[in-house]
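The exercises below are meant to be worked with the sequence and the model side by side. Try each task before reading its solution.

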Amino acid sequence: MADALIYDLRGLKCPLPVLKTRRRMADLQPGDELIVETTDPLAGIDIPHFCNEDGHALVAQERLDAGHRFHIRKGG
């Protein structure tokens, strides 16, 4: 997790967290990792679905007091 980039999407509402995560992941190389933080309650469903559909690994998902944190590894 030390080498993962942190992407702060707190305060954004659906569908912006997924759209912005998809755009950010497109700039990364396979195997790169991204930590996404969001306050959107639907992100708990949307981000894992996005990872599954786009072939990325959801390394960890954590529920925070004010939202979610997702650790994503870009697929090849």
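**Exercise 1: Charges and surface**

Count the positive and negative side chains of the protein, and find how far apart the centres of the two sets lie.

Solution. The protein, which is a predicted model, carries 10 positive and 12 negative side chains. Taking the centre of each set in turn, one finds that the two centres lie 4 Å apart. Turning to the surface as a whole, the protein exposes about 4600 Å², and carbon and sulfur atoms supply 50% of that area.

**Exercise 2: Fold and dimensions**

Establish the order of helices and strands along the sequence, and then decide why the radius of gyration agrees or disagrees with that of a compact globule.

Solution. Begin with the secondary structure, which comes to two helices and four strands; read along the sequence, these follow the pattern β-α-β-α-β-β. Next, because the protein has 76 residues, a compact globule would be expected to have a radius of gyration near 11 Å, and the value of 11 Å for this protein agrees with that. The C-alpha atoms, taken along the principal axes, fill a box of roughly 30 × 25 × 15 Å. Finally, among contacts between residues at least 6 apart in sequence, 65% join residues at least 24 apart.

**Exercise 3: The nonpolar core**

Determine which residues have the most contacts inside the largest nonpolar core, and which elements supply at least two residues each.

Solution. The largest nonpolar core has 13 residues, and those with the most contacts inside it are Met25, Leu34, Val36, Ile47, Phe70 and Ile72. Helix H1 (16–26), strand E2 (33–38), helix H2 (43–54) and strand E4 (67–73) each supply at least two of the core residues, and H2 gives the most, with four. In soluble globular proteins, nonpolar side chains tend to be buried together. To follow one member outward, take Leu34, whose contacts beyond four places in sequence include Ala4, Tyr7, Met25, Phe70 and Ile72.

**Exercise 4: Two residues compared**

Decide whether Phe50 is buried or exposed, and do likewise for Lys13.

Solution. Phe50 is found in helix H2, and because its relative accessible area is 2%, it counts as buried, the cut-off being under 20%. Leaving out residues up to four places away in sequence, Phe50 touches Val18, Thr21, Arg22, Met25 and His56. Lys13 has its place in the loop between strand E1 (5–8) and H1, and because its relative accessible area is 54%, Lys13 is exposed, the cut-off being over 50%. The C-alpha atoms of Lys13 and Pro41, which are 28 residues apart along the chain, are separated by 8.4 Å.

Methods:
Residues are numbered from 1 along each chain as its sequence is written. This is a predicted model: local features need pLDDT of at least 70, side-chain atom pairs count only at pLDDT 80 or more; totals for chains, interfaces and linings use all residues. Side-chain values use heavy atoms; hydrogens and water are left out. The radius of gyration is taken over C-alpha atoms; the globule rule is 2.2 Å times the number of residues to the power 0.38. Contact means heavy atoms within 4.5 Å. Accessible areas come from the Shrake-Rupley method with a 1.4 Å probe; for residues, only the protein chains shown count as cover. Lys and Arg count as positive and Asp and Glu as negative; His and the chain ends are not counted. The place of a charge is taken as NZ of Lys, CZ of Arg, CG of Asp or CD of Glu. A nonpolar core is a set of buried Ala, Val, Leu, Ile, Met, Phe, Trp, Tyr and Cys residues joined through side-chain atoms within 4.5 Å. Buried means under 20% relative accessible area, exposed over 50%, partly exposed in between (1.4 Å probe, protein chains only).
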